[in-house]
Amino acid sequence: MRDDYFAIWKRIREHAPVYDAGEGVFLVTEWDLVNSALRNPILRAGSGVSAAFGQDSPVESVVRNWLMSLNGDEHRLARGLVSRVFSPRSLAQLEPIIRQTARTLIRPFIETANQRPADFVAAVASKLPSEVVRNLFAIDALEWATHVEPLFLGETVHRHDGFAAVQGLTPYFQDKIQQSRGQRTGGIVDMLSSADKQNECLSEAEVIANSVLIVTAAIDTTAGLIANTLVELMENSGAISRVQADAALISGAVDESLRHCPSAPSSTRRTPVDFELGGVRIPAGSDLFFSFTAANRDPKMFADPDIYDIDRDASALLTFGGGAHFCLGAGLARMEARVVFEELFVAGCGFALEEPIRWRANNPVVRAPERLMVSCAAIST
Ligand code: HEM
């Protein structure tokens, strides 16, 4: 949220790429150290996250079962079953739905923004990923708007809403999945519940846990990617006019936003043994906090890292993590952002930011604008 956010991470990286921040937390900020640690099977994902919800609470047991809390063979097996939802074929089937949804959201946004500043976050950036997830779960639009969306969007969820969302979504999915036991719902719960060719399948607790994970992992992060990309483009007039004129440049612009201004700025691992990283001894039981913000701007990996450059190869970005827990929704998130900008730049041009950005304060694992008041100079006919 601070204006000197990137400068602070730069100072930490230059001062000590593995920095002992006290209380058993080590900040890791150089690209090669973050990259190698993410891929190191000794380090454990998810430690401490479930316990943060309160020992033996219903939410704690859900969080303990989701992919981000599993390690080793247990994780490999469950990930194989969940990843069926995100196959290239499933994604290809989703693209027309995403495009239609984007058109439906963008048209009224552009019409308003052509008259007076309109909030791109509320109208498009948050709405599209929410609609995509609703479609994935095949949940009725009214039920989603009244029972599910308020759990993670809107007025009722304020500070620490990452926690509040998990707390609200857990009983929702528990009821929904227990009620539909044995019956097909038409959405991804059917796929999550079904056995694979080896006759392996997720337990009911794992289906509930990964449903909650998918909703909480998929919406704010992707909304942040879409909003951050528009910010980056509006702040770089040369880039926005090139992207506006040539849709083939959009994917590169989206990846460069992921690198330059990551909507998921961090991830963590815990070390069960004494561990050495970058010459620093890290005692067993410590947490490693990986700053993707700092690693993505490491000059040893990316030349002129502070510059937003849509022509660079940004594919080594670490914003989706890496190794065994690499984000399962990376392809979907990239597709959503690409389709939004393909549709936005066909619908209108001359986008400008109309007020200073206020960064969201209510989700510590997402960096994205709270709202984005934007004007649009011309609507395409
Ligand atoms: C711009 C959007 C997104 C960003 C930046 C993002 C980022 C991340 C990060 C950093 C991780 C942890 C990786 C690690 O610690 O190694 C992760 C994991 C995960 N993400 Fe995403 N994510 C995004 C969108 C999505 C979407 C759209 C979905 C699903 C629809 C999704 C589903 C998941 C799942 C299931 C995991 C856990 C994978 C595992 O533990 O094996 N994410 N994501």
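When I say a residue is around the ligand, I mean that its C-beta atom, placed from the backbone, lies within 6 Å of it. Keep that in mind, and keep in mind too that this is a predicted model.

So, the ligand. There are 27 residues around it, and the ones that come nearest are Thr221, Ser267, Gly321, Cys327 and Gly329. Which elements give two or more residues to that shell? Helix 11 and helix 15, the latter running over 330-347. Helix 11 gives the most, with 7 residues. As for the make-up of the shell, we have 16 nonpolar residues, 10 polar ones and 1 charged.

Let me step back to the whole chain for a second. The protein chain has 15 helices and 11 strands. Its C-alpha trace spans about 60 × 55 × 40 Å along the principal axes. For 381 residues, you'd expect a compact globule to have a radius of gyration near 21 Å, and this chain has 21 Å, so the two agree.

Okay, back to helix 11, and how it sits against helix 15. Those two pack at an angle of about 40 degrees, with their axes 10 Å apart. That angle makes helix 11 oblique to helix 15. The crossing there is right-handed. On the helix 11 side, the contact uses Thr221, Thr222, Leu225, Ile226 and Thr229, and on the helix 15 side it uses Ala333, Glu336, Ala337, Val340 and Phe341. You'll recognise Thr221 from the residues that come nearest to the ligand. Sorted by class, this contact has 6 nonpolar, 3 polar and 1 charged residues.

Helix 11, residues 204-235, also packs with helix 7, residues 127-137; here the angle is about 150 degrees and the axes are 8 Å apart. Why do we call this pair roughly antiparallel? Because angles over 145 degrees count that way, so helix 7 and helix 11 qualify. This crossing is right-handed as well. From helix 7 you get Leu128, Pro129, Ser130 and Val133, and they meet Ile214, Val215, Ala218, Ile219, Thr222, Ala223 and Ile226 in helix 11. The class count is 9 nonpolar, 2 polar and no charged residues. If Thr222 and Ile226 sound familiar, they came up in the contact with helix 15 too.

One more neighbour, and then I'm done: helix 5, residues 88-113. Its axis comes within 10 Å of the axis of helix 7, and the two cross at roughly 140 degrees. That makes helix 5 oblique to helix 7. Once again, the crossing is right-handed. Helix 5 brings Ile97, Ile98, Thr101, Ala102 and Leu105, while helix 7 brings Lys127, Leu128, Glu131, Val132 and Asn135. Here the residues come out as 6 nonpolar, 2 polar and 2 charged.

So that's the route to follow on the screen: helix 5 packs with helix 7, helix 7 with helix 11, and helix 11 with helix 15. And helix 11 and helix 15 are where we started, in the shell around the ligand.

Definitions and conventions
Residues are numbered from 1 along each chain as its sequence is written. This is a predicted model: local features need pLDDT of at least 70, side-chain atom pairs count only at pLDDT 80 or more; totals for chains, interfaces and linings use all residues. Axes are lines fitted to C-alpha atoms, for helices over the stretch in contact, and angles run from 0 to 180 degrees between N-to-C directions. Helices (H or I, at least four residues) and strands (E, at least two) are DSSP runs, numbered from the N terminus. Angles under 35 degrees count as roughly parallel, over 145 as roughly antiparallel, 65 to 115 as roughly perpendicular and the rest as oblique. A crossing is left-handed if the near helix is turned anticlockwise from the far one by less than a right angle, and right-handed if clockwise. Two residues are in contact if their C-beta atoms, placed from the backbone, lie within 7 Å. Ala, Val, Leu, Ile, Met, Phe, Trp, Tyr, Cys and Pro count as nonpolar, Asp, Glu, Lys and Arg as charged, and the others, Gly among them, as polar. The radius of gyration is taken over C-alpha atoms; the globule rule is 2.2 Å times the number of residues to the power 0.38.
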